[in-house]
Amino acid sequence: MGTKPMKAIVCDVRRALTGRWFWAALLATTAAQYLSIGQAADALMDDTQNLRFTLSELLLMALYGDFGMLTLPALSALPFAAQALHEIKCGAVRPAVFRAGRRMWILGKAAGCILSGMVLQAAAAGLLGLILYAVRGGGILLEINAEFNAALLRRMRCGGIWASVGCVMALATETSSAAHLGPLCLCYALMMLGKRFFPAAVMLNPINWIDGGDGMLAGLEIVSILLQIVFLKRGVREYV
């Protein structure tokens, strides 16, 4: 594998992690995680209550909060899920494939998509922690535990899965907005199915994915990446 094709993958990952949509998604995800903390954040800001939390406690509330989990699918897909479709529609895929080859173009889009979704969740948790400590450092104990690390990893994996799903939906429908709205609609549909019709199937509800099921998340990651590669290959064949 030559240096030039590898540069194509690195370039896609760099664009996914430094583009304006990544920064917009980062701010929105941080805000969603803050809102997920709810009353604990308000109490922390109230000088009269003199409460103290560990950083892990606050960030776990942010990671597990329903509002943050409900917005996770759309925001995870925002940075890069529609990029492949954009390149295909505007014709930029032809020179890109000519320079790097079909395989590297496909791998670059898949890597940029899943990594942007994963890094976004970690970066938002880190930014929220910095903001909380900067605003009210005296009321926060700097303590990170294994429970937080495990929850953050599961949330990162969820972000990567939804970003890949967004890419698949965009390519399948040939609609850019489906990259962001598709994962959100699918998340709500699965949530309703899980709550109303199959309450015993706890992991059918995406809100519960962060609670555990590492094997299931690994399976979903593999399936979403494979589907992404299939649809990327189809897009390249049709337009190149």
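Mentor: Let's start inside this predicted model: the second largest cavity holds about 30 Å³ of space.

Trainee: What makes this space a cavity and not a pocket?

Mentor: A 1.4 Å probe fits there but cannot get out, and that is the test for a cavity; a pocket is an open set. A search of the whole structure turns up two cavities of 30 Å³ or more.

Trainee: Which residues line the second largest cavity?

Mentor: The lining is made by Met-69, Leu-72, Pro-73, Cys-158, Trp-162, Pro-206 and Trp-209. Helix H5 (66-77) and H9 each give at least two residues to that lining, and the largest share, three residues, is from H5.

Trainee: Why is every one of those lining residues put in the nonpolar class?

Mentor: Met, Leu, Pro, Cys and Trp are on the nonpolar list, so the residue names settle it. The lining divides into seven nonpolar residues, no polar and no charged.

Trainee: On to charges, then. Why do Lys-109 and Asp-12 count as a salt bridge?

Mentor: Their closest N and O atoms are 3.0 Å apart. The rule asks for within 4 Å between a Lys or Arg nitrogen and an Asp or Glu carboxyl oxygen, so the pair qualifies. Lys-109 sits in helix H8 (residues 102-136) and Asp-12 in helix H1 (residues 3-18), so this bridge ties together parts that are 97 residues apart in sequence. Both Lys-109 and Asp-12 are buried.

Trainee: What makes Glu-87 and Arg-15 a salt bridge too?

Mentor: Here the closest N and O atoms are 3.3 Å apart, again within 4 Å. Glu-87 is in helix H6 (residues 83-90) and Arg-15 in helix H1, so distant parts of the chain, 72 residues apart, are linked.

Trainee: Why is Glu-87 called buried and Arg-15 partly exposed?

Mentor: Glu-87 has a relative accessible area of 7%, and buried means under 20%. Arg-15 comes in at 35%, which lies between the 20% and 50% cut-offs, so partly exposed is the right label.

Trainee: Where do these four residues go beyond pairs?

Mentor: Asp-12, Arg-15, Glu-87 and Lys-109 are linked in a network of salt bridges. By the same 4 Å rule, the count comes to five salt bridges.

Trainee: What makes Glu-221 and Arg-157 another one?

Mentor: Their closest N and O atoms are 3.2 Å apart, and that is within 4 Å. Glu-221 belongs to helix H11 (residues 214-239) and Arg-157 to helix H9 (residues 146-173), so the bridge joins parts 64 residues apart in sequence. Glu-221 and Arg-157 are both buried.

Trainee: What makes Glu-174 stand out?

Mentor: Phi of Glu-174 is near 55 degrees, a positive value in a residue other than glycine. Glu-174 lies in the loop between H9 and helix H10 (178-197). With a relative accessibility of 35%, Glu-174 counts as partly exposed.

Trainee: Why is helix H4 (residues 55-64) described as mostly covered?

Mentor: Seven of its 10 residues fall under the 20% cut-off, so they are buried. Among them are Leu-55, Ser-56 and Ala-62.

Trainee: Which helix has the lowest mean pLDDT, and which the highest?

Mentor: Helix H3 (residues 39-45) has the lowest mean, 58, and H9 the highest, 94. The protein chain averages 86, and 89% of the residues score at least 70.

Terms used: Residues are numbered from 1 along each chain as its sequence is written. This is a predicted model: local features need pLDDT of at least 70, side-chain atom pairs count only at pLDDT 80 or more; totals for chains, interfaces and linings use all residues. Side-chain values use heavy atoms; hydrogens and water are left out. A salt bridge is a side-chain nitrogen of Lys or Arg within 4 Å of a carboxyl oxygen of Asp or Glu. Helices (H or I, at least four residues) and strands (E, at least two) are DSSP runs, numbered from the N terminus. Buried means under 20% relative accessible area, exposed over 50%, partly exposed in between (1.4 Å probe, protein chains only). pLDDT is the predictor's confidence in each residue, from 0 to 100. On a 1 Å grid over the protein atoms alone, a cavity is a set of points where a 1.4 Å probe fits but cannot get out, and a pocket is an open set with protein on both sides within 12 Å along at least five of seven lines; lining residues have an atom within 4 Å of a point. Grid points are joined across faces, edges and corners, and a volume is the space filled by probe spheres set on the points.
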